[in-house]
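Work through the exercises below with the sequence and the model side by side. Try each task before reading its solution.

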Amino acid sequence: MAAEDRKLLCLACGAVNRVPADKSMAAARCGRCAQGLATPEPADVTSEQLAALQMKDTGAFLLDVWAPWCGPCRIMAPHYEAVASRFQNEIRCFKLNSDQNQPAAAQLQIRGVPTLIGWNAGRRVAVQAGAQTAAALEVWIRKSFNLASTIK
Ligand SMILES: [Zn+2]
């Protein structure tokens, strides 16, 4: 049996796209508006977009919940960008400004920032609070999304 297709939500137009499990996310384009479904850098999402992602998207995606006044968030940002680029074929990386999207932050039960949350196959699979280095993030991502590890 072939691996199941993923349903990826297009942030630009809201269309849900079927993408084969073995196709790189970075290469996937929206069938309706032709926008790339993944970006090499973490893309900003709103409360509304996050609600749609949680309801409709069955791909692997990560969310960095951050705030503009948060020092550790600023420290982690380049590390998160590095892993977003590193995993762009497997995982879509998003970020949510919790000051501008308080309904979403409340719904996610965020207690502090930065908080990283991962979803896969329509379920929340991992949560981690606090700033992390790119190396620590990579280990956590591989474990959370069951990706083959090169680190023993
Ligand atoms: Zn689209």
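The bend at a residue is the angle between axes fitted to the seven residues ending there and the seven starting there, and helices (H or I, at least four residues) and strands (E, at least two) are DSSP runs, numbered from the N terminus. The model is a predicted one, in which local features need pLDDT of at least 70 and side-chain atom pairs count only at pLDDT 80 or more, while totals for chains, interfaces and linings use all residues. Residues are numbered from 1 along each chain as its sequence is written.

**Exercise 1. Follow α2 (71-86) and find where its axis bends.**

Solution. Begin with the length: the expected span of a helix is 1.5 Å times one less than its number of residues, so the 16 residues of α2 should span 22 Å, and the 24 Å between its end C-alpha atoms agrees with this. Next, look at A77, where α2 has a kink of about 35°, shortly before the proline P78. Then turn to the side that faces inward: C73, M76, Y80, V83 and A84 are buried, a word that requires 20 or more other C-beta atoms within 10 Å of a residue's own (exposed means 12 or fewer, partly exposed in between, with C-beta atoms placed from the backbone). Finally, the buried residues of α2 pack against β4, β5 and α4.

**Exercise 2. Work out the strand order of the open sheet of 5 strands.**

Solution. Two strands pair if DSSP finds at least two bridges between them, and the order of the strands is β3-β5-β4-β6-β7, with mixed pairing. At the edges stand β3 (43-44) and β7 (123-129), each with a single partner strand, so one side of each is left without a neighbour in the sheet. Further in, β4 and β6 pair in the antiparallel sense over 5 bridges, and F61 stands opposite W119 in β6.

**Exercise 3. Place A12 and decide whether it is buried, partly exposed or exposed.**

Solution. First locate A12, which lies in the loop between β1 and β2 (16-19). Then count: A12 has 14 C-beta neighbours inside 10 Å and therefore counts as partly exposed. Leaving out residues up to four places away in sequence, A12 touches C30, C33 and Q35, where contact means C-beta atoms, placed from the backbone, within 7 Å. As a last step, compare A12 with Q49, which is 37 residues apart from A12 along the chain, although their C-alpha atoms are separated by 9.6 Å.

How values were computed:
Contact = placed C-beta atoms within 7 Å.
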